Amino acid sequence: MTRKTLNRRDFLRLLAYGSAALVGGGILNACSPEDIAAGTALAPTDASAGAAGAVDVEIALRAAPSEVQILPGTPTRVWQYQAELLKGPADTLVPLENTYLGPIINLQNGQRVRVRFTNELSEESIVHWHGLHVPVEADGHPRLVIKPGETYIYEFTVDDRAGTYWYHPHPHGRTGPQAYYGLAGLLLIHDEEEQALNLPSGDYDVPLVLQDRTFDSNNQLVYGGNGMMDQMMGFLGDTMLVNGQKDFTLAASTRPYRLRLHNGSNSRIYKLAWEDSTPMTVIATTGGLLEKPAQREYITLAPAQRVDVWVDFSGRQVGEQLRLVSLPSAAPDGGAFPVATVRFEREESVSQPLPERLSTIVWHNPAEAVNGNAPRSFTLMMGMGRGWTINGRTFEMTAVAQDEIVKLGDLEAWEFYNRLGGGMGMGGGMALPHPMHVHGLQFQVIEREIDPAGRADWETLKDGYVDEGWLDTVLVMPGERVKILLKFEDFTGLYLYHCHNLEHEDTGMMRNYRVDA
Ligand code: C2O
Ligand code: CU
Ligand code: CU
């Protein structure tokens, strides 16, 4: 992994395109955990509207400064989610070892959950349950941030398909740095349909959270060192971490595994493949299991995306190893680099075939969309003096435009269009990939189209898209149009849609949409 590949010409173009608003923005300006001493002794005050009904699971979660050993020598100061189980099954919380990542939270579909989140940082924060279908009060919108020392109470009923989800901070303008300094964790949903499949579980169900970081000579995390460049491009680190560890190696048995690959990076896009060209077998996307396994030569994994991969290591030789790599692509800084190593340490012979059918999906019917032939369209581009925009707009805390209001119960078609050609009709402008995320639901991709000028770059990643499952985040490459179907069910109120390149999001590439009754 080398440093930025944005060339000088691109950079000058960016300058010309008026990132003026960002120059003095300071969003990325230094703010390291060391400036931010712990405020641990503060008394929690209940800041939310949590009711006091009976729940199946209750968790006390805190965000606090901490230290972990990542590199040899000085420990790294980080921020970390830490949790305590107040009520519920003992395996609800599974801490990961030697990492800043928060514990894995295991939930069953149908469970009633309460989380008491206490902010022990010295700046505002709020937690978002990425991918979950929850009421607005439980969605972690930035307007709900709490101050240091305060507590926010979330209550929701799990109503999601079995799969790999995650939780992370969502304060406006500070999601990037807070996630970067360590605030993130996986949330796994389980249900009976999945249990019945007898997929690899326990030690053979392994999460791999992919993140890139940059360290200074004293082993401390560096963020925002490239100022405006980082804001425009998104942060790209020079060191690969998996589950918070450098040179991650999985000591494996020669048997089938389920690997839950999660791109927890701020902006890096991975093109994941087995080094020996074994095909990747995908069994789940961000909204849970596919109908049947899907094969790919490589998987394109954009920020916030997850795929579950089934892999059979039977027949591998003890002592051998196999690397998971990221192949070269047109993604920013898209050189080849190793991601993780699997080392075969134990001979096992287990026959656990992968079922041909994984789940039943009741798809949305495009013909039933209220706006089927005229999708609500969102153009992504560099705005004059305003950084990245959606339909020419940037984030406003509570504002929604007329074309951002939808109706409860409606099925809609939306289109994200990543327009080449820069802002304000100026030709030849800068375009970057945008992983677009919609809160509160999982959607279905129904169509993709690429402008001829974007085709060459697109070709380097498009075969790794996994569009045959539910998604909450979809990659939209420069020149690409992606049409999706979404249904607004159960909850009204203010949700978000945004680019999940966290630097783009923090600098305003985010908007509210409102579900009206
Ligand atoms: Cu994972 Cu609005 O975010
Ligand atoms: Cu989200
Ligand atoms: Cu973006």
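A donor, in what follows, is an N, O or S atom within 2.8 Å of the metal. With that in hand, we can turn to the copper ions in this predicted model.

The copper ion listed as ligand 3 has three residues holding on to it: His434 through ND1, Cys499 through SG and His504 through ND1, at 2.0 to 2.1 Å. Read along the chain, these donors follow the spacing H-x64-C-x4-H. Two of them come from quite separate stretches: His434 sits in strand β26, while Cys499 belongs to strand β30 (residues 493-499), and the pair, 65 residues apart, links distant parts of the chain. Both His434 and Cys499 are buried.

The copper ion listed as ligand 2 is coordinated by a pair of histidines, His128 and His437, each using its NE2 atom, at 1.9 Å. Where do these two come from? His128 lies in strand β6 (residues 127-130) and His437 in strand β26 (residues 434-438), so the pair ties together parts that are 309 residues apart in sequence. Like the residues just described, His128 is buried, and His437 is buried too. Strand β26 thus turns up at both ions, with His437 at ligand 2 and His434 at ligand 3.

Strand β6, the home of His128, is also part of a sheet. That sheet is open, has 5 strands with mixed pairing, and runs in the order β3-β4-β9-β8-β6. At its edges stand β3 (93-94) and β6, each with a single partner strand, so one side of each is left without a neighbour in the sheet. The partner of β6 is strand β8 (residues 163-169), and the two pair in the antiparallel sense over 4 bridges. To pick out one spot in this pairing, Val127 stands opposite Pro169 in β8.

Another open sheet of 5 strands, again with mixed pairing, has the order β23-β22-β25-β29-β27. Which strands are found at its edges? They are β23 (387-390) and β27 (444-450), and each of them pairs on one side only. On average, neighbouring strands of this sheet are turned by 20° against each other, if direction is ignored. At one end of the order, β27 pairs with strand β29 (residues 480-487) in the antiparallel sense, over 6 bridges. Within that pairing, Glu447 has Lys483 in β29 as its bridge partner.

Methods
Residues are numbered from 1 along each chain as its sequence is written. Chains are lettered from A and ligands numbered from 1 in the order in which they are written. This is a predicted model: local features need pLDDT of at least 70, side-chain atom pairs count only at pLDDT 80 or more; totals for chains, interfaces and linings use all residues. Side-chain values use heavy atoms; hydrogens and water are left out. Two strands pair if DSSP finds at least two bridges between them. Axes are lines fitted to C-alpha atoms, for helices over the stretch in contact, and angles run from 0 to 180 degrees between N-to-C directions. Donors are N, O and S atoms within 2.8 Å of the metal (3.2 Å for Na, K and Ca); water is not among the atoms, so sites may look incomplete. Buried means under 20% relative accessible area, exposed over 50%, partly exposed in between (1.4 Å probe, protein chains only).
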